[in-house]
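Please open the structure in your viewer and keep the selection tool at hand. The tour proceeds from stop to stop, with a selection to make at each one.

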Amino acid sequence: MAENLKGQPRDLFGPLRGPYQDKSLNPTTSLNLHYTEGGFALRLEAVPVPLPSPEMEPAKECQALGRTLECKTPQSPQQEKEQPLKLPGCVVSCKSSWDRLQDLCRLEKLSCALLDVNKKNLFDFEVEYLCDYKKVQDEEFYMVKWKGYPETQNTWEPRKNLKCTNLLKQFHKDLEKEVIRREGKLRKGVRRLDQSLSSYLVQKAKQRKALRQWEHHLNVKRNHNGSIKVENEVDLEGPPKDFVYINEYKVGDGINLTEVAVGCECKNCYIDAVDGCCPGASQNRFAYNDQGQVKIRAGKPIYECNKRCLCGMDCPNRVVQKGIQYDMCIFRTPNHRGWGVRTLEKIRKNSFVMEYVGEIITSEEAERRGQIYDRQGATYLFDLDYVEDVYTVDAAYYGNISHFVNHSCNPNLQVYNVFIENIDERLPRIAFFATRTIRPGEELTFDYNMQVDPVDAESTRMDSNFGLAGMAGSPKKRVRIECKCGTEGCRKYLF
C-alpha cells in the first residue's frame with residue numbers, strides 16, 4: 001500500500017456504464033456524476049444507456065457510486081415501452097467525498113475512469129500519518145494511519161511499500177528531535193520505539209493536521225493579499241479554541257460609527273491635492289510618500305481617502321485600507337511567550353504592516369473584562385484614547401493576526417491612529433508601521449506600553465496603554481506581568 005496523490009476531477013459529466021434505478025425510477029435512467037460548488041452529486045437522467053462491457057458484470061461496474069441505488073440488468077425494448085419514463089430527472093446528493101468514493105472502488109477492487117481508479121493505482125491508499133517504527137532484521141516497518149479509516153485499522157507496512165516521502169522525512173525529523181530533547185543525544189541503531197515516544201509522535205502528527213486545518217481556515221477568512229502560515233516546532237499546543245478571525249472592527253452593543261459624509265475631489269491626491277485632500281480637510285498633513293511609506297511623526301493622525309472620494313484604489317493616500325500585503329507566519333515561540341508572528345518577506349522602514357483589529361467595547365465593559373484578563377495574565381485590551389478614553393478594542397476573542405503579535409521593549413512596529421470611513425476621533429483605526437527595515441523570518445513586535453513622543457504633548461494622546469484598559473486601582477494593586485522579550489533594554493515587566 002502506498003500514499004495516493006489525490007486525483008483531480010476531470011470529465012465529470014459522462015454517464016456511467018450500467019443502468020441504476022430505484023423502485024420509482026425508469027430502468028433506462030442512467031447515473032451521472034456531476035461536480036457543483038457544494039460538492040459532488042449523482043444525477044439520474046433519462047438518456048439511453050449502453051450495455052456494460054462483456055468482460056465486466058453490470059453489478060460490478062462501479063458500485064461505489066451507486067451504493068444507495070440498486071443495480072439491475074437492462075430491460076428489453078418491450079419492457080421499456082410498457083413502463084414509460086414519468087420523471088424528467090432528479091439529483092441525489094452524494095454524501096461521500098471524492099477520496100471516499102475512490103476508496104470504495106478500491107475496497108471492491110473496481111476500476112472507475114471518472115474517479116481515476118485503474119489497474120495501476122487500484123491498491124493505492126492515502127497515508128494520513130505515521131504512528132510507530134520498528135526494524136525487523138534489516139527491514140524497516142511503519143505503523144500507518146490510513147486517511148478515512150479509524151485507528152483500529154492501522155497496519156504495519158514495510159518501507160518499500162510507502163511512497164509518502166514527505167511524511168517519512170517529517171516522522172524521522174520529529175523522532176530525532178524528541179530523542180535529543182529527552183536523552184541529550186541521538187541514538188543509533190534504534191529497532192523499536194518505546195510507547196511514550198510513539199505516543200508523542202502520534203500527538204505531533206495529529207497536531208500538524210489540526211494546524212494545517214486552522215491555517216486553511218485563516219486563509220479562507222482573510223480578505224487581504226498577505227497569506228498566513230502556521231508553525232509549531234516547540235510543543236504540542238494546537239490552534240486556539242476561542243478565537244474568531246475578523247478583518248475589521250466588530251462593533252459592540254451601544255456603539256455607533258459616524259460615517260464620513262464627504263470626500264476629496266482630487267484628480268491626483270499626491271501631486272495636485274485639492275484643499276489638502278482628506279488630511280487637509282481636518283487641517284492635517286498628507287501622511288505618505290509616493291511609495292506608501294508614512295512620513296509624518298508618530299502621534300500625528302493619518303487621514304486616508306474614503307469611499308466618497310473621486311480617486312480610485314490606486315491613490316497613494318489609500319494604504320491601511322488595502323490591508324496586509326506581506327506573507328506572515330504565526331509560530332510558537334521557544335521562550336515561553338506563546339504564539340508570535342514573523343514576517344516571511346522583507347518589510348521596508350515606515351511601511352504599513354497590519355491593523356490591530358478586535359471588538360470595540362465601552363470603557364465600562366473594558367473595566368469588567370479587564371479584571372478577568374488581569375487574573376489570567378492576558379493583554380488584549382487596547383485603549384482608543386486619541387482624544388478621550390471612551391472606547392477600547394478587545395482582541396481576546398475576535399481579532400486578526402495582530403492578536404498573536406508579542407511585546408518587546410525594543411519593538412520594530414509603531415502605532416498610528418488612522419481615520420478613513422469613520423470621522424469620530426474617539427474611534428480611530430490602529431495601524432502598525434515598521435520602525436526600521438525588517439528582515440524575512442524576523443519576529444514582529446510592538447511595545448504594549450508605548451510612549452509615542454514624550455517631547456510633543458499632542459502626540460502623547462496616542463499612547464497605546466495596551467493591556468492596561470479596564471484595570472482598576474493603582475499600579476501597586478495590579479498583577480505585574482513579567483517581560484520575556486530578552487532585549488538589552490528590557491524593562492523586566494510589561495506593566
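Is Q293 buried or exposed? The model before you is a predicted one, and Q293 is a suitable residue with which to begin. Select Q293 in the loop between α5 and β12. Its relative accessible area is 14%; because buried means under 20%, Q293 counts as buried. Next, display the residues around Q293: leaving out those up to four places away in sequence, Q293 touches A287, Y288, R348, K349, N350 and S351. Of these, K349 deserves a closer view, since its backbone oxygen lies 2.9 Å from a polar atom of the Q293 side chain.

**Second stop: four cysteines**

Select C264, C278, C305 and C309 together. The UniProt record, an unreviewed entry, places the feature "binding site" at C264, C278, C305 and C309. These residues span 46 residues in sequence, yet no two of their C-alpha atoms are more than 8.6 Å apart, so they gather at one spot.

Now take two of the four in turn. C278 is found in helix α5, which covers residues 277-281. At 12% relative accessibility, C278 counts as buried. Apart from residues up to four places away in sequence, C278 touches C264, Y303, E304, C305, N306, C309 and N317; three of the other residues you selected can thus be found in that list, namely C264, C305 and C309.

C309, by contrast, is located in the loop between β12 (302-303) and β13 (328-332). C309 counts as buried as well, at 8% relative accessibility. When neighbours within four places in sequence are set aside, C309 is in contact with G263, C264, C278 and R318.

**Third stop: an open sheet**

Remain with β12 and extend the selection to the sheet that contains it. Four strands form this open sheet, in the order β12-β21-β22-β15, and their pairing is mixed. Which strands stand at the edges? They are β12 and β15 (352-356), each of which pairs on one side only. β12 pairs with strand β21 (residues 413-419) in the parallel sense, over two bridges. To see this pairing at the level of residues, select Y303, which stands opposite F419 in β21.

**Fourth stop: strand β16 and its partners**

Select strand β16, residues 359-362. Strand β11 (residues 250-251) pairs with β16 in the parallel sense over two bridges, and here K250 stands opposite E359. With strand β18 (residues 391-394), β16 pairs in the antiparallel sense over four bridges. In that second pairing, I360 has V393 of β18 as its bridge partner.

**Last stop: helix α3**

Finally, select residues 165-183, which form helix α3. This helix has 19 residues and reaches 27 Å from its first C-alpha to its last, close to the 27 Å expected at 1.5 Å a residue. Colour its buried residues: L168, F171, D174, L175, E178 and V179. Where do the buried residues fall when α3 is seen down its axis? They lie within an arc of 135 degrees, so they line one face of the helix. An α-helix has 3.6 residues a turn, so residues three or four places apart point the same way.

The buried residues of α3 pack against β6 (127-136), β7 (139-146) and α4 (195-221). Turn the view to the other side of α3, where N166, K169 and R181 are exposed. The tour ends just after the helix, at G184, whose phi is positive, near 85 degrees.

Key. Residues are numbered from 1 along each chain as its sequence is written. This is a predicted model: local features need pLDDT of at least 70, side-chain atom pairs count only at pLDDT 80 or more; totals for chains, interfaces and linings use all residues. Side-chain values use heavy atoms; hydrogens and water are left out. The expected span of a helix is 1.5 Å times one less than its number of residues. Buried means under 20% relative accessible area, exposed over 50%, partly exposed in between (1.4 Å probe, protein chains only). The arc is that of the directions from the helix axis to the C-beta atoms. Contact means heavy atoms within 4.5 Å. Two strands pair if DSSP finds at least two bridges between them. UniProt positions are given in the numbering used here, feature names are shortened, and annotations may be inferred rather than shown by experiment. A polar contact is a pair of N or O atoms within 3.5 Å; within protein, one must be able to donate a hydrogen and the other to accept it, and residues adjacent in sequence count only if both atoms are side-chain atoms.
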